[in-house]
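User: Could you take a close look at the aromatic rings in this one? I'd like to hear how they pair up and where they sit.

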Amino acid sequence: TTTEPMSTTTVAPTPRPTSKPVTIKIKHRFTSNYEWNDDYNDPRSATFKAFDTYIKDILSKSFGYPSNPEYPPSSFTITPIAPARKRRAVNDGGFDFDVLTTKTILFSMDADNAAIDEAATAIAGGLTAALSYISHFDTDNVITGDASLVSTAAETVDCYINNGGCSHTCD
């Protein structure tokens, strides 16, 4: 018997990334002049879909979409809030709804929480200021009053490829 010599192959290590994505999530609350309908709680209902599409459309247009692709309709999540029973009883009309705006930006891998928080605060301020012009695009006068900032959050994953087992899927 003859034995073939084994050959080895060296694989270069995966380089460490130089940037990391950070997802900024900013929630604003609006008031609609529409009368409440329980179908607004069902994302599969035609009532919810029509409201959702209309609100996303005016939000995107207020940021210059499609010529400015920074805030496409997919960057907004609409959540209607049922009015309290007392408000429904007096037939006050209207209901509140939240708009969660999601934006992903790249930071250097060594960016700290203070830098990320500063960026999130700046984005929230810019969004809040821009939303004051939404009435120009709300041709049906669905939204009453100004947006109020509810929350600001940032999500990041400090991940190095081949780090020995991270708990998520890297792109």
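Analyst: Here's a walk through the ring pairs, with a charged neighbour and one more contact at the end. Keep in mind that this is a predicted model.

The count comes to eleven aromatic pairs. Take Trp-36 and Tyr-40: their ring centres are 5.5 Å apart and the planes meet at 45 degrees, so this pair is tilted. To be edge-to-face, the planes would have to be over 60 degrees apart. Trp-36 and Tyr-40 are both buried.

Phe-51 and Phe-97 do make an edge-to-face pair, with 5.1 Å from centre to centre and 85 degrees between the planes. Phe-51 comes from helix α1 (residues 46-62) and Phe-97 from strand β3 (residues 95-108), so this pair ties together parts that lie 46 residues apart in sequence. Again, both partners, Phe-51 and Phe-97, are buried.

These two pairs belong to a wider picture: ring pairs link Phe-30, Tyr-34, Trp-36, Tyr-40, Phe-51, Phe-95 and Phe-97 into a cluster.

There's a charge over a ring as well: Lys-103 lies over the face of Tyr-71, 5.0 Å from the ring centre.

Leaving the rings, have a look at Asp-117, which is in helix α3 (residues 113-131). Its relative accessibility is 46%, so Asp-117 counts as partly exposed. In sequence, Asp-117 and Ala-154 are 37 residues apart, yet their C-alpha atoms are 7.2 Å apart in space.

Methods. Residues numbered from 1 in each chain as written. Predicted model: local features only at pLDDT ≥ 70, side-chain atom pairs only at ≥ 80, totals over all residues. Heavy atoms only, no water. Phe/Tyr/Trp six-rings, centres within 6.5 Å; stacked < 30°, edge-to-face > 60°. Buried < 20%, exposed > 50% of the residue type's maximum accessible area, 1.4 Å probe, protein only. Helix = DSSP H or I, 4+ residues; strand = E, 2+ residues; numbered from the N terminus. Lys NZ or Arg CZ within 6 Å of the ring centre and 35° of its normal.
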